[in-house]
Amino acid sequence: MEGIAGRRSALTWAVNITVVALVVIWLVPTLGLLVSSFRTPDQIARSGWWDAAFPVAQSYRGQAPLDGMKEEGGKYVLTGNLLKNGGGAISAFGVIGMKPAQFKAGTTGQMRGDQGTMKVMPNGDYTVTFNEKPDYAPRIYYQAKTPPKMTLQNYREVLFADGMQQAFFNTLTVTIPATVIPILVAAFAAYALAWMQFPGRGLLIAGIVGLLVVPLQLALVPLLRLHQDVGIGQSFLGIWLAHTAFGLPLAIYLLRNYMAGLPRDIIESCKVDGATDFQVFTKIVLPLSFPALASFAIFQFLWTWNDLLVAKVFLPANTGTKVMTVKIADDLLGSRGGDWGVLAAAAFVSIAVPLLVFFSAQRYLVRGLLAGSVK
Amino acid sequence: MSPFLQGLITICLGVGGCVAYFWVSNLVLDRVIFPARGRDPGRNIARANMVRPWLFLFPALFSVTLYLVYPVVGSFIRSLYNRDGDVFLGFGNYRALWGDDGFRTALLNNFLWVLVVPAGATFFGLIVAQLTDRLKWGAIAKSIIFMPMAISFVGASLIWKFVYANNAQIGLLNAIRAFFGATSPIDPLQIPFWNNFFLMVILIWIQTGFAMVILSAALRGIPEETVEAAVLDGANPFQIFFRIMVPQIWPTIMVVWTTITILTLKIFDIVYASTGGNFGTQILPSYMMQYMFRDDGRATAIAIVIMIVVLPVMIYNIRQARKELD
């Protein structure tokens with residue numbers, strides 16, 4: 001091993017650099033969204049989000065008022081400051097609107113038709129010298145760097161003007177019952193499949209595995225029809241039922257795998273002591289299965305929160321019941337297609353809660369994934 | 001009544017109802033139908049224990065049957081009828097689909113997605129899992145690469161809109177092109193054929209974290225001796241990885257691969273939110289949404305086609321699961 005020590009450290013470097021590159025690639029798109037959501041439309045239009053920390057060059061139009069004009073040696077001189085209300089440094093100026101950056105700041109420029117000269121300093125001080133007495137206040141076009149500015153305007157607009165607030169609560173309304181209800185139903189079924197002996201058990205487990213992959217697309221038309229026939233129609237009740245049932249195969253599968261791995265001794269000694277299955281389940285298995293219950297709850301929460309398909313089909317398509325994904329995909333992308341700041345803020349509002357859940361409960365999520373697919 | 005309040009009541013009713021159902025049905029079974037007394041208490045207990053699994057299973061099986069098994073049959077039957085559901089067409093909807101250019105594009109694109117996305121996500125997942133394993137800051141790197149899993153497909157599409165935007169001031173991709181001297185921006189989502197791959201990148205970006213988590217656990221499960229023996233025999237790191245480690249976790253790689261394949265076949269959100277299926281990016285699930293609410297016969301026929309495409313993976317999964325049970 002001694003002989004290849006040098007190569008080993010080179011390899012470590014290569015590994016570190018590769019991982020840094022991958023992490024950057026994975027993080028940058030989300031970072032771009034976050035940064036963009038705090039920028040004003042002007043800034044988004046003029047510079048990329050990666051330049052958000054730097055000043056933006058922007059063109060302005062100013063005017064040199066005629067009051068305070070002085071006569072000096074047959075010429076008429078106007079002085080003043082363009083940046084009275086603050087602002088960054090002027091980089092260039094011009095005498096016509098077509099060319100706002102014709103002359104560099106600090107130099108002297110000729111006005112059209114030999115009217116005179118104009119000079120603008122970076123700090124905004126200007127001197128306009130006319131050959132003849134002017135009868136109008138001259139315009140000064142200039143380019144100034146505006147300092148970077150972060151704003152919550154996009155969020156205000158999205159939440160209060162675009163109805164995202166309502167959509168947020170609708171998403172919450174869909175998600176919570178659809179996460180809580182399947183857990184209990186699935187837990188009982190999982191216990192039966194893990195610890196009770198009965199004919200057809202293996203077949204049922206295989207059936208659940210099969211149902212895990214049934215495309216939801218199949219369920220849409222017949223179930224909507226069914227909901228309409230029994231009077232549920234497109235409503236919150238309908239989507240709760242649908243999400244509950246669609247989540248069950250995964251719930252049963254995850255919980256069964258976990259419960260089947262619980263130590264046999266505990267369960268059998270309880271049964272010897274005279275506990276019924278119901279007691280074993282509620283007193284022993286359910287508390288012990290908490291990690292699996294938590295993983296499933298997180299899965300189901302993320303899934304229902306992020307869902308677009310089921311919400312589009314099982315909820316009515318009016319503003320009062322739109323969830324955030326539908327709102328973004330159907331409303332904002334259409335009507336606000338070019339309004340990048342608002343789009344970014346909307347997207348961030350919709351992914352903030354899942355990200356929060358994700359980072360606070362990552363442990364359970366990982367455990368659930370492992371229980372779900374590796375044996 | 002506000003929907004939120006309605007939700008709270010539903011939670012109470014749902015949870016309370018479930019608890020009540022399980023508790024009462026058990027009580028009835030033990031006390032009323034097969035009480036553990038009388039002439040032959042043993043036989044009654046045995047009988048009760050034969051019924052009890054079905055009591056436990058009933059609510060789950062009932063809803064799964066109604067919401068997932070029945071629709072397979074229901075969708076198939078519906079797909080044999082016309083738009084309004086009153087004229088029997090036989091396989092007319094399927095024939096019409098086959099004759100439709102849009103359908104063939106969608107089918108072809110779907111196959112591309114299934115070829116590229118699982119392969120890409122599994123590959124990157126495997127690489128990241130292996131590389132981060134020995135790093136001090138590996139856990140943070142993993143967290144970041146895992147993060148897109150929490151983001152909705154719609155959200156992810158929007159995030160990538162800021163990468164693909166047809167404007168060098170907004171789209172990162174065009175900014176990079178401009179940096180290298182390109183004069184006019186392009187719209188990656190409108191380049192025929194290749195735009196599909198730009199959309200696939202989004203799903204790979206999301207799914208790599210999933211592959212990474214599972215493969216990383218599998219890599220940790222590899223017995224140390226096998227790696228040590230290879231090191232002693234003078235194998236280089238690449239040989240160790242590809243010849244020693246990958247073959248040992250191959251079954252797990254297959255699980256990851258099939259799981260992502262199934263997901264890929266069902267996702268319509270990315271195409272729907274990014275291009276709306278325009279510019280030749282349609283895939284079957286998004287193609288189906290075009291007909292949803294307009295022509296249920298056609299929509300269900302597409303759903304059945306999706307089911308048929310998923311079927312081989314489904315059968316493979318069931319086989320694997322049965323093998324594990326035995």
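Select chain A and chain B together and look for charged pairs between them: one salt bridge is counted, a salt bridge being a side-chain nitrogen of Lys or Arg within 4 Å of a carboxyl oxygen of Asp or Glu. To find it, select R52(B) and D277(A), whose closest N and O atoms are 4.0 Å apart. The model is predicted, so local features need pLDDT of at least 70 and side-chain atom pairs count only at pLDDT 80 or more, while totals for chains, interfaces and linings use all residues. Residues are numbered from 1 along each chain as its sequence is written, chains are lettered from A and ligands numbered from 1 in the order in which they are written, and side-chain values use heavy atoms, with hydrogens and water left out.

Next, display the whole interface. The contact (heavy atoms within 4.5 Å) takes 108 residues from chain A and 103 residues from chain B. About 9,400 Å² is buried between the two chains, and carbon and sulfur atoms give 83% of that area; buried area is the accessible area (1.4 Å probe) that two parts lose on being put together, summed over both.

Now select chain A alone. It has 14 helices and nine strands, which are DSSP runs numbered from the N terminus (helices H or I, at least four residues; strands E, at least two). The radius of gyration of chain A, taken over C-alpha atoms, is 33 Å, well over the 21 Å that the globule rule gives for 375 residues, so chain A is more spread out than a compact globule. That rule is 2.2 Å times the number of residues to the power 0.38. Along its principal axes, the C-alpha trace of chain A spans about 115 × 75 × 35 Å.

Colour chain A by domain: domain 1 (2–52), domain 2 (56–146) and domain 3 (155–373), with bounds from an automatic or database domain assignment. The C-alpha centres of domain 2 and domain 3 of chain A lie 64 Å apart.

Finally, turn to chain B and select domain 1 (3–78) and domain 2 (97–325). How far apart do the C-alpha centres of these domains of chain B lie? The distance is 39 Å. Each of the two domains of chain B gives four residues to the contact between them. The area buried there is about 400 Å², of which carbon and sulfur atoms give 72%. On the side of domain 1 of chain B, select V72(B), S75(B) and R78(B), which lose the most area to domain 2 and together account for 86% of what that side buries. Zero salt bridges are counted between these two domains of chain B.
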